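Please look through the sequence and the model below before reading on. The report after them is meant to be read with both in view.

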Amino acid sequence: WAYGSKIQYGDGGSPEAFADIAEVMDITPPALSRDSIEVTNQQSTNGWREKIPGWRDGDEVSFNCNWLPNNSTQDEVTGILESFNDNVLHNWRIVLPSSAATIAFTGFLTAFEPDLPMEEQGQLEITITVSGQVVIS
């Protein structure tokens, strides 16, 4: 059960401190993929294609939350809006409940999409593009 999962962003300090993004609802972790490199040649056995593993990719992470524009984890001063505007790679973590696992990655915001329905809480959809290795521990 994913209830209690958190997404956190790092402050870049040493040691780095991580803050929980406020009122997160759904989180889509990185979808790990890998390229395959074609190495088939005239000597390939019995006419079978040959491939070797190529580059790995963490793709994107997305989450939505209740939009709290004045909350320090979402605002333009210390929050994810500031992260969208600063053009810097940040460290992020998804922490599953009961310490089941932590998914750590570096990335930058590629989407900051507020939604303001008339009869519901305003929501925010965030997309982070992963840069580099994803570590699941």
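The sections below take up backbone features, one residue and its contacts, and the salt bridges of this predicted model.

## Backbone features in two loops

The peptide bond that joins Ser-14 and Pro-15 is cis, with an omega of about 5°. Pro-15 itself is placed in the loop between strand 1, which covers residues 6–10, and strand 2, which covers 18–20.

A second loop, between strand 7 (90–95) and strand 8 (102–115), holds Ser-98, and Ser-99 lies in the loop between strand 7 and strand 8 as well. Ser-98 is not a glycine, yet its phi is positive, at about 55°, and Ser-99, also not a glycine, has a positive phi of about 55°. Ser-98 has a relative accessible area of 77%, so it is classed as exposed, and Ser-99, with a relative accessibility of 69%, counts as exposed too.

## Asn-91 and its surroundings

Asn-91 belongs to strand 7, and with a relative accessibility of 30% it counts as partly exposed. If its neighbours within four places in sequence are left aside, the residues in contact with Asn-91 are Gln-8, Tyr-9, Gly-10, Glu-16, Phe-18, Phe-105 and Thr-106.

With which residues does the side chain of Asn-91 form polar contacts? One polar contact, of 2.8 Å, joins the side chain of Asn-91 to that of Glu-16, while another, of 2.9 Å, joins the side chains of Asn-91 and Thr-106. As for a residue further along the chain, Ser-131 is 40 residues from Asn-91 in sequence, and the distance between the two in space, from C-alpha to C-alpha, is 9.8 Å.

## The salt bridges

How many salt bridges are there in the model? The count comes to two.

In one of them, the side chains of Lys-6 and Asp-20 meet at 3.9 Å, taken from N to O. Because Lys-6 lies in strand 1 and Asp-20 in strand 2, this pair ties together parts that are 14 residues apart in sequence. Lys-6 is partly exposed, with a relative accessible area of 32%, and Asp-20, at 36% relative accessibility, counts as partly exposed.

The side chains of Arg-49 and Glu-38 also meet in a salt bridge, with an N to O distance of 3.1 Å. Since Arg-49 lies in the loop between strand 4 (33–38) and strand 5 (51–57), whereas Glu-38 lies in strand 4, the pair ties together parts that are eleven residues apart in sequence. Arg-49 counts as exposed at 61% relative accessibility, while Glu-38, with a relative accessible area of 41%, is partly exposed.

Terms used:
Residues numbered from 1 in each chain as written. Predicted model: local features only at pLDDT ≥ 70, side-chain atom pairs only at ≥ 80, totals over all residues. Heavy atoms only, no water. Helix = DSSP H or I, 4+ residues; strand = E, 2+ residues; numbered from the N terminus. Buried < 20%, exposed > 50% of the residue type's maximum accessible area, 1.4 Å probe, protein only. Contact = heavy atoms within 4.5 Å. Polar contact = N/O pair within 3.5 Å; in protein donor to acceptor, adjacent residues only side chain to side chain. Salt bridge = Lys/Arg side-chain N within 4 Å of Asp/Glu carboxyl O.
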